[in-house]
Amino acid sequence: MFEKEYDVIVVGGGHAGAEAAAAAANMGSKTLLVTMNLQTIGQMSCNPAMGGIAKGQIVREIDALGGYSGIVTDKSAIQFKMLNKSKGPAMWSPRAQNDRMRFAEEWRLMLENTPNCDFYQEMVNGLLVENGKVCGVKTSLGIEVRGKAVVLTNGTFLNGLIHIGEKQFGGGRAGEKAATGITEQLLDFGFESGRMKTGTPPRVDGRSLDYSKMILQPGDAIPEKFSYTKTKTLKTQRDCHMTHTSALVHDLLKEGFDRSPMFNGRIKSIGPRYCPSIEDKINRFADKDSHQLFVEPEGWNTVEVYVNGFSTSLPEDVQFKALRSVVGFENVKFFRPGYAIEYDYFPPTQLKHTLETKLVENLYFAGQINGTTGYEEAASQGLMAGINAHLKLNKKEDFILKRDEAYIGVLIDDLITKGTEEPYRMFTSRAEYRTLLRQDNADLRLTPKGYEIGLAGKERLKRMEEKQEKSNAFIKFFEKTSVLPEDINPILESVDSALVKQSDKMVKAFSRPKVTMNHMLQLKSVSAFVEENSLDREVLEQTEVQVKYSGYIAKEKNNADKLHRLEDVKIPENFDYSKLKSLSYEAREKLEAIRPVTIAQASRISGVSPSDISVLLVFMGR
Amino acid sequence: MLLKDTIIALATPSGAGAIAVIRVSGVDAISIVGDFFKSIHGKNLTKQKSHTIMLGHIVEGNKTYDQVLVSLFKNPHSYTGEDVVEISCHGSQYIQQQIIQLFLRNGCRMADAGEFTLRAFLNGKLDLSQAEAVADLIASDNEASHQIAIQQMRGGFSNEIKTLRDELLNFASLIELELDFTEEDVEFANRDQFKDLLHRIQNVLRRLIDSFAVGNVIKNGIPVAIVGEPNVGKSTLLNALLNEERAIVSEIAGTTRDTIEDEISIGGLGFRFIDTAGIRETEDVVEGIGIRKTFEKIEQAQVVFYLVDGCSLFVDGNHLENLKVEIEKVKNQYPLKQLLVVINKKDMLSEVNLSTINLQLATALLLSAKTGEGVEELKNQLLQFVNTGTLRNNETIVTNTRHYDSLIKALESVEKVNFGMDDGVSSDLLSLDIREALNHFGEITGEITSDDLLGNIFANFCIGK
């Protein structure tokens, strides 16, 4: 029924699983994707959107490496926004609203068109492990499938427990069964597990809403896109809307607090602080009598609507009554209530930088099983696990991204070094060098690497190289070409910048605050250069960023280089920390558990102080 | 490995004294000393409690070295955090060396310079700035620098920086909040408050940076140049100052053959006296070189004594007029230096000459180095020149060059943030400079992590859709 032995078996077909399967298969591994339900591959379990601040950058990184999330997002987008456009370029973050059903369909089609990728629908309830090495999976029907490497991407399914008010039942998502057996087996192997919680808001009937009472939230006038490949930008878009809760809504919600699993102690695990349920917001910030709600369509044609900001596990009657008091929701009809879900995760400090577990060889974890939250975080881990599983089987060097190379590098290093007590979400502030990790240069940063490992294709690399060449030439043009005062002064005047008396190189005026590429394009010689060389939007953007922010970028590079020095001081694999009485007790314990590879990594472990680092440096002979 | 062995060294200054203290630190400190210590009450050193003192003898076989007091400090409650034994023996160099060599033969190793403090640091007994303060404390030989070092060791300095850092961290969190949660309806702190905070931080930083100058002179001595020809009574004056204070005089060979530096402690402050030649115009080449050196020395000094032999003013010619011209010249060339004209040999001047001087050179100080008359006034004048008010108020003073550098860099970063805000620079770029400032603070207090920012955000703000 199956190949005699697969190279890589991926368990789970969500964002992590789909990217893992695509990466391994594209690199040449015979890959099997096993999931409980083949209809829900690439399912958006929560909000129908991809990207956002820091997350959008991750999607672009996945795309630059040769992953699929960017392409799938572009093909199923219904609205696009570049967030934070008023801030510096490191903050520009692409975000798309998606058609939930088309998103899943596109994923399925992409995977079906990927050679080397097989599918099978059944619950995996155990791993085959011999001599500390994984060698396949076992399904609920008792079928054993052999595989050299296994990637677990179980999402919220491991012993998933759904809560709505006082009701609770097993399940991995509303209407889907939970997965059992795997956690128990992993505990037997000596893994440590924990419980986490997340939640989702009610979905409602768009026909029952009064949008005229809400604030319109349209997409960008000139929408961009995620993928560096030739996907299309949107010609038409769907609007979102914004409304808000009130003191009355809060009072109605409070009536159900005694039946809330959050407050009556039934849910013990920790949910994400930055994605709190509405009852949590009311409870923790009692002085605020209004919270924003974003009303997001679930697709091009469907009337189903997602109420972003109203995540809740209160009894459905309380949810309903309270939502009916929200402006525009007076006649709301529910498609399904919101709920909270508790699930098993494995503290990610049990992993290596490749996402391979330290305890079982060739076993990889990606996504919520590692304590993260978010499609983008999951997808990027899946991609990295798939890549590294393939590389290891082929005895090639590990593929590890550094903290100044990619958000993906920050994400994985944070996870395995610091672990996480709550669902981990990416923020730009988690990156020390975010000025380097921009959405505009993910291809320049990562496509050569993706190509080198055999994931990103030649076509991708060529596009990136062309972009690089063209933007370098354009930058040179600005550095070399002079502009007369009578030509540049009208532009400077329009932005209240001091006028010039002599002609000077264009780069001088361009570097001034408030002067943008659009201003520069008003100069005939500039627009002529653009036309002659047929420069596209991406080249213009890249040039603008590199000219206007060159000082900051250089400074960050400089800072990152300093970090590399500590990055180069390796700690021997079996280093005996117990010998170092001079380390604080806490530091010794953490270092023993996490076993950092370098001094730099050690310095990022919470509880390891700069004194401890000095001690380590002294012992490493520095 | 580094911390496995037991180290020994003399803890008191080398040389003879009434008593000397030998310190032994390390895992075997108690057993090694215990092997040779015979308590007069027959107590076994290895069985005594921490923080006890015992009287006895250091004995090897039949040979008794000395009668000693032994103090016991068990880990971690000792200076180094290890087992420490301190042996107070009699101060003869011979006895000190005999005892140290005995223990060197029996398992101890001679401690490297600063190794006790290094161990204290490695064992978490001191943080970095405290460890540095200890080094300063050991090196300090006057009351004022001793005070600073003591204060720094108790954490006074890092505490002030810590407070600043916490405030800035709060500021940074607000900036990060704006960046990562623009989509949420969070309330941002207002920019005026930010500006105000920045100004306060700048003020404190500037004060600490300025204090470096004060701290530095206190540590190294305040340089005083004595301009004067040979035989005007420089050495007599120095000795007069010296005898009065009974302070330590050290003779350090100057950087040039013809300058001698003497360090004298007055009122708890160190003064470094730099002897120079006069500055009279001359055509003699050799003398010209001397004069150029004199100007170099004045350049280095904070206070200039222009020392004149009172009698020479009245020999013949326009000595007094020439002197006034020269003084004006020095004053014009160095408007910021404290210049004091000192007329020596008061005891040998007639009443008429004295009143002439008083009339012509009203600001000059008359004294006799020989009799000591007026020397006290000179000292008061010196102390007045140096603003030591900050010291007496127990304020934080920066004396460490590394800290000074970090403070300067922190100030630069904070200033950049300030300019950036005026220029409307985007907050993600502002945060670059804020993070840098935080890092520089961290270099002093020894802590920095981006987790602090997020922790702060989540603790204080309602965020999340």
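Q: Two strands pair if DSSP finds at least two bridges between them, so how many bridges join β5(B) to β6(B)?
A: This is a predicted model, where local features need pLDDT of at least 70, side-chain atom pairs count only at pLDDT 80 or more, and totals for chains, interfaces and linings use all residues. Residues are numbered from 1 along each chain as its sequence is written, with chains lettered from A and ligands numbered from 1 in the order written. β5(B) and β6(B) run antiparallel, and one of their bridges puts Leu69(B) opposite Ser88(B) of β6(B). The number of bridges joining these two strands is five.

Q: Which strand of chain B pairs with β2 over seven bridges?
A: Strands and helices are DSSP runs numbered from the N terminus (strands E, at least two residues; helices H or I, at least four). β2 covers residues 19-25 of chain B, and the partner we're after covers residues 84-90. Follow the bridges: Ser25(B) faces Val84(B), and Val24(B) faces Val85(B). The pairing is antiparallel, and the partner is β6(B).

Q: Which strands of chain B stand at the edges of the sheet?
A: Walk across this open, mixed sheet of seven strands in chain B, and the order reads β3-β4-β5-β6-β2-β1-β7. Two of them have a single partner strand each, so one side of each is left without a neighbour in the sheet. Those strands, at residues 37-39 and 108-110 of chain B, are β3 and β7.

Q: How many of the seven residues of β6(B) are buried?
A: A residue is buried with 20 or more other C-beta atoms (placed from the backbone) within 10 Å of its own, exposed with 12 or fewer, and partly exposed in between. By that count β6(B) is mostly covered. The number of buried residues in it is five.

Q: Which helix of chain B packs on the sheet and touches β3 as well as β7?
A: Touching means contact, with C-beta atoms within 7 Å. Helix α2 (residues 93-105) packs on the sheet too, and its list in chain B is β1, β2, β4, β5, β6 and β7. The helix at residues 29-36 touches β1, β2, β3, β4, β5, β6 and β7 of chain B. So going by the contacts, with each contact within 7 Å, the helix that lists β3 is α1(B).

Q: What share of the residues of chain A counts as buried?
A: Over to chain A, with its 21 helices and 22 strands. Its C-alpha trace spans about 80 × 70 × 55 Å along the principal axes. Among contacts between residues at least 6 apart in sequence, 72% join residues at least 24 apart. Of the 622 residues, the buried share is 54%.

Q: Why does Gly12(A) count as buried?
A: Gly12(A) sits in the loop between β1 (6-11) and α1 (15-27) of chain A. Beyond four places away in sequence, Gly12(A) touches Gly17(A), Thr35(A), Leu152(A), Thr153(A), Asn154(A) and Gly155(A). Gly12(A) counts as buried because of its C-beta neighbours inside 10 Å, which number 31.

Q: Which feature does UniProt place at Gly14(A)?
A: Gly14(A) lies in the loop between β1 and α1 of chain A, and is buried, with 29 C-beta neighbours inside 10 Å. Outside four places in sequence, Gly14(A) contacts Gln43(A), Thr153(A), Gly155(A), Gly367(A) and Ala378(A). The unreviewed UniProt entry also marks Gly12(A), Gly13(A), His15(A), Ala16(A) and Gly17(A), though annotations may be inferred rather than shown by experiment. The feature named in that entry is "binding site".

Key: Two strands pair if DSSP finds at least two bridges between them. Two residues are in contact if their C-beta atoms, placed from the backbone, lie within 7 Å. Axes are lines fitted to C-alpha atoms, for helices over the stretch in contact, and angles run from 0 to 180 degrees between N-to-C directions.
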